[in-house]
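Student: I am new to this structure and would be grateful for a close look at a single part of it. Please choose the part yourself and explain how it relates to the rest.

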Amino acid sequence: MNWSNTIRQVHRWVSIAFTVGVIINIAAMTQTQPAFWIGLLALVPLIVLLATGLYLFAWPYLATRTAKAAP
């Protein structure tokens, strides 16, 4: 398996973790005083999603640029 497929798979699984974190965050907001770490529960996967999503977005453009540069 190459890096692109691995990053794509990580991006999919982290998106599931992010969705679960958002659902937990919404459920915690209905309580009287939610804990601070509950808010961070969705923020940590979001940072990973940003990094992997930017890579997946830029990869086709970078691949065509290197393919054009190669003789």
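Tutor: A helix is here a DSSP run of H or I with at least four residues, and helices are numbered from the N terminus. With that definition, Ala63 lies in helix H2, and H2 is the part I shall examine. Please bear in mind throughout that the model is predicted.

It is useful to begin with the whole. The secondary structure of the protein chain consists of two helices and zero strands. The protein chain is more spread out than a compact globule, because its radius of gyration is 17 Å, well over the 11 Å that the globule rule gives for 71 residues. Along the principal axes, the C-alpha trace spans about 65 × 20 × 15 Å.

Helix H2 covers residues 36–69, and Thr52 is found in it. Thr52 has a relative accessible area of 11%; because buried means under 20%, this residue counts as buried. Leaving aside residues up to four places away in sequence, Thr52 touches Ile7, Val10 and His11. Helix H1 comprises residues 3–29, so these three partners of Thr52 belong to the stretch that H1 covers. Buried positions such as Thr52 make up 17% of the 71 residues in the protein chain.

Ala63, also in H2, presents another case. Its relative accessibility is 30%, and it counts as partly exposed because that value falls between the 20% limit for buried and the 50% limit for exposed. Ala63 and Ala27 are separated by 36 residues in sequence, and their C-alpha atoms are 42 Å apart in space.

Helix H2 also takes part in a surface feature. Trp13, Ile16, Val20, Ile24, Trp37 and Leu41 form a nonpolar patch on the surface, with about 610 Å² of accessible area together. H1 and H2 each supply at least two residues of this patch, although the largest share, four residues, comes from H1. One member of the patch is Ile16, which lies in helix H1 and counts as partly exposed, at 45% relative accessibility.

Two figures for the entire protein chain complete the setting. About 5,700 Å² is exposed, and carbon and sulfur atoms supply 74% of that area. Among contacts between residues at least 6 apart in sequence, 70% join residues at least 24 apart.

Notes:
Residues numbered from 1 in each chain as written. Predicted model: local features only at pLDDT ≥ 70, side-chain atom pairs only at ≥ 80, totals over all residues. Heavy atoms only, no water. Buried < 20%, exposed > 50% of the residue type's maximum accessible area, 1.4 Å probe, protein only. Contact = heavy atoms within 4.5 Å. Patch = residues over 30% accessible without salt bridge, like charges linked within 9 Å, V, L, I, M, F, W, Y side chains within 5 Å. Areas by Shrake-Rupley, 256 points an atom, 1.4 Å probe, with all protein chains shown as cover. Salt bridge = Lys/Arg side-chain N within 4 Å of Asp/Glu carboxyl O. Rg over C-alpha atoms; globule rule 2.2 N^0.38 Å.
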